[in-house]
Amino acid sequence: MSIEAVPRTVRIAGVLTTLQAVAGLIFVVALLVRGTNTGSGGVGEFGSAQTYGEAGYFALLSAGVLAAGLGMLNGKHWARTPALLLQLMLLGTAWYAMGPSGQPVIGLVLAVPAIAVLWFMFNREGRRWSYYGNAAPDADRED
């Protein structure tokens, strides 16, 4: 399937997923800056080694999310499943932030883009694009 055949909704979902990855990478940079500051305070008082480890963990996750977002932008069907799983995990995190944690603003910031990506991927165009992703390259397609 050529890049021109990628539906607009899938591209929008790819942009949103890529922006989520960029937010994760910004968080990684903030962790690295925090790791260089001694006695920066906060919950748990992580040392520099733990903060760098946390930054590495989130860097790997953000790189995977970035790959999925860019893959969807380029019309790669393999990117759909990782992006959808990420959105479902973010919805669970948003639910926890809104309910038990008592942080509804953070919950909404996480939930709104996740719901949007899910809608863009499960609407008619997104489903049709996904369906044809499993067809053989030389198969006859009904458009």
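Helices (H or I, at least four residues) and strands (E, at least two) are taken as DSSP runs, numbered from the N terminus. The exercises below use a predicted model, in which local features need pLDDT of at least 70, side-chain atom pairs count only at pLDDT 80 or more, and totals for chains, interfaces and linings use all residues. Residues are numbered from 1 along each chain as its sequence is written, and side-chain values use heavy atoms, with hydrogens and water left out.

**Exercise 1. Describe the chain as a whole.**

Step 1. Count the elements: the chain has 5 helices and 0 strands. In sequence order the pattern reads α-α-α-α-α.

Step 2. Apply the burial cut-offs: buried means under 20% relative accessible area, exposed over 50%, and partly exposed in between (1.4 Å probe, protein chains only). Of the 143 residues in the chain, 31% are buried.

Step 3. Look at the contacts, where contact means heavy atoms within 4.5 Å. Among contacts with a separation of 6 or more, 65% join residues 24 or more positions apart.

Step 4. Add the surface, using accessible areas from the Shrake-Rupley method with a 1.4 Å probe, where for residues only the protein chains shown count as cover. The chain has about 8900 Å² of accessible surface, and carbon and sulfur atoms hold 66% of that surface.

**Exercise 2. Locate the largest nonpolar core and the elements that supply it.**

Step 1. Fix the term: a nonpolar core is a set of buried Ala, Val, Leu, Ile, Met, Phe, Trp, Tyr and Cys residues joined through side-chain atoms within 4.5 Å.

Step 2. The largest such core has 13 residues, and those touching the most other members are Val10, Ala13, Met72, Met121 and Trp129. Two or more residues each come from α1 (8–36), α2 (48–73), α3 (80–98) and α4 (104–122). Helix α4 gives the largest share, 4 residues.

Step 3. A further core of 5 residues lies apart from this one, and its members include Ala21, Val65, Leu86 and Leu90.

Step 4. Return to valine 10: beyond residues up to four places away in sequence, Val10 touches Met72, Met121, Gly126 and Trp129.

**Exercise 3. Classify threonine 9 and valine 112 by accessibility.**

Step 1. Threonine 9 is in helix α1. Its relative accessible area is 9%, so threonine 9 is buried. Outside the four places on either side in sequence, threonine 9 contacts Phe120, Asn123, Glu125 and Gly126.

Step 2. Valine 112 is in helix α4. Its relative accessible area is 52%, so valine 112 is exposed.

Step 3. Together with Met98 and Leu108, Val112 makes a nonpolar surface patch of about 270 Å². Patches consist of residues with over 30% relative accessible area and no salt bridge, with like charges joined within 9 Å and nonpolar side chains (Val, Leu, Ile, Met, Phe, Trp, Tyr) within 5 Å.

**Exercise 4. Find what surrounds arginine 80.**

Step 1. Arginine 80 lies in helix α3.

Step 2. A salt bridge requires a side-chain nitrogen of Lys or Arg within 4 Å of a carboxyl oxygen of Asp or Glu. For charge, Lys and Arg count as positive and Asp and Glu as negative, while His and the chain ends are not counted. Arginine 80 is buried but has no salt bridge, and glutamate 125, the nearest side chain of opposite charge, is 12 Å away.

Step 3. Neighbours within four places in sequence aside, the contacts of arginine 80 are Met72, Met121, Phe122, Gly126, Trp129 and Ser130.

**Exercise 5. Place glycine 75 and leucine 70, and give a C-alpha separation for each.**

Step 1. Glycine 75 is in the loop between α2 and α3. With 9% relative accessibility, glycine 75 is buried.

Step 2. Glycine 75 and alanine 5 are 70 residues apart along the chain, and their C-alpha atoms are separated by 8.0 Å. Not counting residues up to four places away in sequence, glycine 75 touches Val6 and Trp129.

Step 3. Leucine 70 belongs to helix α2. Its relative accessibility is 39%, so leucine 70 is partly exposed. From leucine 70 to threonine 17, the distance is 8.2 Å C-alpha to C-alpha, across 53 residues in sequence.
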